[in-house]
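The following note is offered to a colleague who is meeting this structure for the first time. Please read the numbered points with the sequence and the model at hand.

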Amino acid sequence: MSYDENGRDGFQSRWGFILACIGSAVGMGNLWRFPMLVSVYGGLTFIIPYLIFVVLVASTGIIEEFTLGRAAQSGPVGAFGMCTKMRFGNRTSGEIIGAVPIIGSMGLSIGYTVVFAWIIKYFVMSLTGELTAMGTDMDVIGGTFGATASANGATPWVIIAAFLAFAILACGIAGGIERANKVMMPVLFGLLVILAIYIATLPGAGDGYKYIFTFNGAGLADPKVWIFAFGQAFFSLSVAGNGSVIYGSYLNKKEDIPYSARNVAIFDTLAAFLAALVIIPAMATSGAALESGGPGLMFIYLVNVINAMPGGRIVCIIFFIAVLFAGLSSIINLYECFTAFLEEKFKLRRVYATMIAVGIGCVVAVMIQAITSEWMDVVSIYICPIGALLAAIMFFWIAGKKFVEEQVNIGANKPIGKWFYPMGKYVFCAAALIALIAGAILGGIG
């Protein structure tokens, strides 16, 4: 294990940290939501605004949350308390505010536990051949997912999902999270590359690539394209005032945070593009309307598409292995925030803190199965964006310029430019506020 100067468990290597952060960011947002939005909003018409916002979030928000966590050597509760103590001489107000990202992280953990349970079930069904046996009968495919997503429709799988998260988290940072992601992330990228190459050999795939790289200038006039693109960048890069802060708290002073943030953004975006290069050309091979992506893309529509492909069963197995790894890497990051809070605040041993966090998550997940979509909407539209905005305000506005510029450059091979502070303080905070308001008005992003 690796421990910091305060005796806290930490990451053993820079790439172990980067892979863990990539694992946190690479999830359903990449493998499901990004291809869906590219499908709905027309290739480059969506991709160009998305890339603009990825650069903004990567160069400000990710760096800010990593740095805030490292400076405090704590999650959001301790980090926010540190900021208010520096400015106002009082930790309590900051610690109370820091509970918001903790609640958001736990809320997402619960929702993701249900979704991860669906993924496990579908992975097992791909192995047994049950998914392939459905063929292209949309009534059967849709009915299967409807039953899975109903009240108590996936209870045994929810318990399995929670157990897998517990098994990794209980082993700690270096022994659990870092080690798991060192295996899962390379395998995930490898599987996506294999799928992309295979699908490229199928008749009709070329129409999918053409669609991805089509640009419609008039489409940029639609404000929803820009709002959803920013929301996707925000969600995909895991900037919510919780997971990135707690992962940053496990870093030592030698780590180059801007370098790590850049790599997280690059590999997260690469995963999203690989997913799009798999899913949209796969849709094209079956002659599907490429603009028809929607919420049922992965569990209903994509199953139908894969079953119609040559070698569909193998493709289905490989795809759901990739999704399995993406889902697991996401939920262990989300549960880590509450687990670390219990360790720090109540001085619990790691295994007991993990047991409480995952146990609560499992019980609530079983109870909300029938309303998972609505649950995720409330958490992602309101609580998580508020958490991200609060973290940015604490760092850029409350802690102040001197603290920001000093902390962000610790361990950096090259000092970050003077642009960073005003960009984060004004541009990023304003964009996050606009995204929060727009997301609430529009009823969600994605």
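1. Ser238 sits in the loop between α12 and α13 (243-248). The model is a predicted one. With a relative accessible area of 13%, Ser238 is buried. Its C-alpha atom is separated by 9.7 Å from that of Leu334, although the two residues are 96 residues apart along the chain.

2. The helix α12, which precedes that loop, contains two phenylalanines that deserve attention. Phe230 and Phe234 both belong to helix α12 and stand four residues apart, about one turn of the helix. Phe230 has a relative accessible area of 4% and is therefore buried. Phe234, at 9%, is buried as well.

3. Aromatic pairs are a recurring feature, and the structure holds 26 of them. In one, the ring centres of Phe53 and Trp226 are 6.1 Å apart and the planes stand at 90 degrees; since an angle over 60 degrees counts as edge-to-face, the pair is of that kind. Phe53 belongs to helix α3 (residues 44-72) and Trp226 to helix α12 (residues 223-236), so the pair ties together parts that are 173 residues apart in sequence. Phe53 counts as buried at 16% relative accessibility, whereas Trp226, at 29%, counts as partly exposed. The rings of Phe230 and Phe234 also form an aromatic pair, here a tilted one, with 5.4 Å from centre to centre and 50 degrees between the planes.

4. Which residues do ring pairs link into a cluster? The members are Phe34, Tyr41, Phe46, Tyr50, Phe228 and Phe273.

5. Two further residues of helix α3 may be inspected for their surroundings. Val54 lies in this helix and is buried, with a relative accessible area of 6%. Apart from neighbours within four places in sequence, Val54 is in contact with Ala233, Leu237, Ala265 and Thr269. The C-alpha atoms of Val54 and Glu336 are separated by 24 Å, and these residues are 282 residues apart along the chain.

6. Leu56 is also found in helix α3, and at 12% relative accessibility Leu56 counts as buried. When neighbours within four places in sequence are set aside, the contacts of Leu56 are Gly61, Phe230, Met423, Val427 and Ala431. Phe230, one of these contacts, is the buried residue noted above in helix α12. Leu56 and Gly424 are 368 residues apart along the chain, yet their C-alpha atoms are separated by 8.8 Å.

7. How do α3 and helix α4 (residues 76-88) cross? Their axes come within 9 Å and cross at roughly 80 degrees, which makes α3 roughly perpendicular to α4. On the α3 side the contact is made by Leu68, Ala71 and Ala72, and on the α4 side by Gly78, Ala79, Phe80, Met82 and Cys83. By class, these residues divide into seven nonpolar, one polar and no charged.

8. A second helix pair has another geometry. Helix α9 (residues 155-169) packs with helix α17 (residues 350-367) at an angle of about 160 degrees, and their axes are 9 Å apart. Because angles over 145 degrees count as roughly antiparallel, α9 is described as roughly antiparallel to α17. The crossing of α9 past α17 is right-handed. From α9, Thr155, Val158, Ile159, Ala162, Phe166 and Leu169 take part in the contact; from α17, the participants are Arg350, Val351, Thr354, Met355, Val358, Cys362, Ala365 and Val366. Eleven nonpolar, two polar and one charged residues make up this contact of α9 with α17.

9. The loops that lead into these two helices each contain a residue whose backbone should be checked. Most residues other than glycine have a negative phi. Asn152, in the loop between α8 (138-148) and α9, has a phi near 65 degrees, a positive value in a residue other than glycine. Asn152 is exposed, with a relative accessible area of 53%. Lys347, located in the loop between α16 (312-346) and α17, likewise has a positive phi, of about 55 degrees, although it is not a glycine. At 70% relative accessibility, Lys347 counts as exposed.

Key:
Residues numbered from 1 in each chain as written. Predicted model: local features only at pLDDT ≥ 70, side-chain atom pairs only at ≥ 80, totals over all residues. Heavy atoms only, no water. Axes fitted to C-alpha atoms, helices over the stretch in contact; angles between N-to-C directions. Parallel < 35°, antiparallel > 145°, perpendicular 65-115°, else oblique. Left-handed = near helix turned anticlockwise from the far one by under 90°. Contact = heavy atoms within 4.5 Å. Nonpolar A, V, L, I, M, F, W, Y, C, P; charged D, E, K, R; others polar. Phe/Tyr/Trp six-rings, centres within 6.5 Å; stacked < 30°, edge-to-face > 60°. Buried < 20%, exposed > 50% of the residue type's maximum accessible area, 1.4 Å probe, protein only.
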